[in-house]
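Visitor: I am new to this structure and should be grateful for a close look at its sheet. Please also place the sheet within the chain around it.

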Amino acid sequence: MIRLAERTWRDAARLARDPRSVVFLPLGAIEQHGPHLPLLVDWLGAEELARRVAPHLRGAGWRPILLPGLPFGASPLARGFAGTLSLSVPTLVAVATEVLEALAAHGFRRFVLANYQADPAHLAAMARIKRRLERHRGVRVLFAGFAPAPRAQRAMTSPRVTRLLRSPTPEREWHSGEMETAVVLATRPRLVRRALVRRLPPHWIDVRAALAAGKTFGEMDASGRGYFGWPAAARASTGRRALAVRARLIARVLLDELGVAVRRR
């Protein structure tokens, strides 16, 4: 995958002129992920999705280009937990928009927001970024990962993904549970507190209902555990397989949407 920050300005100019170029901006977050996972889970997840989707696009004739990820996102759900660094929605929109506007001014026309942060405020910011750029810059902005667009979102929650879990209640595996623990085990295993993970009991709640009621993580669970699911069930193999399946499903959506974009150009 081409890493734009590692290229010269002349390389960037050539890439900007190339109609096959697709620029990925990973949108991350620094927020609590239970007592067993690091704060960078969503930042790591966004970059992993971009990296794993890229070969599928390259095989179809596109040139995926990776920007340095934005580590900070909108994380109001996790406020109150030490280490969580949450931007306001207007700030996140302004920063991401200005980054992509600069590239649009150089000639880049297609962008993908790669995202692993599912906080509703963060997703709302993504929708605003897309609207602003497409309306004022005439570029194409697509999503990979958790997204405000149902079609893109389904690639993350597909039964093909949830069937990989060992949990008896996969529909309630959410923040810092089996899946996220498995992804970090598969990608950055040294950052997982494995001895602690094995002792964590299952902690299932109806997160969707809690989100609909406007509750934060702290309000969802007064115990302050900070995780929802069964981390002890996580295996690195599950994380690897889930990332591979998600990458294939995301790539299918992107290739279809990029095809539409080519015909519109």
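Guide: The account below begins with the model and the chain, turns to the sheet, and ends with a helix and the loop before it.

This is a predicted model, in which local features need pLDDT of at least 70 and side-chain atom pairs count only at pLDDT 80 or more, while totals for chains, interfaces and linings use all residues. Residues are numbered from 1 along each chain as its sequence is written, and side-chain values use heavy atoms, with hydrogens and water left out.

The chain holds eleven helices and five strands; helices (H or I, at least four residues) and strands (E, at least two) are DSSP runs numbered from the N terminus. Its radius of gyration is 18 Å, which agrees with the value near 18 Å for a compact globule of 265 residues; the radius is taken over C-alpha atoms, and the globule rule is 2.2 Å times the number of residues to the power 0.38. Along the principal axes, the C-alpha atoms fill a box of roughly 55 × 35 × 30 Å. Of contacts between residues at least 6 apart in sequence, 79% join residues at least 24 apart, a contact being heavy atoms within 4.5 Å.

The sheet itself is open and has five strands in the order β1-β3-β2-β4-β5, with parallel pairing. β1 (2-3) and β5 (140-145) stand at its edges; each has a single partner strand, so one side of each is left without a neighbour in the sheet. Two strands count as paired if DSSP finds at least two bridges between them. Strands of a sheet pair through backbone hydrogen bonds, either parallel or antiparallel. Within this sheet, β2 (residues 21-27) runs parallel to β4 (residues 110-115), and five bridges join them. Phe-24 stands opposite Val-112 in β4.

As for the surroundings, buried residues make up 53% of the 265 residues in the chain; buried means under 20% relative accessible area, exposed over 50%, and partly exposed in between (1.4 Å probe, protein chains only). Helix α7 is largely enclosed by the rest of the structure, because ten of its ten residues are buried. Among them are Glu-178, Met-179 and Glu-180, as well as Thr-187. Ser-176 lies in the loop between α6 (159-162) and α7 (178-187). Ser-176 is also buried, with a relative accessible area of 0%, and its phi is near 65°, a positive value in a residue other than glycine.
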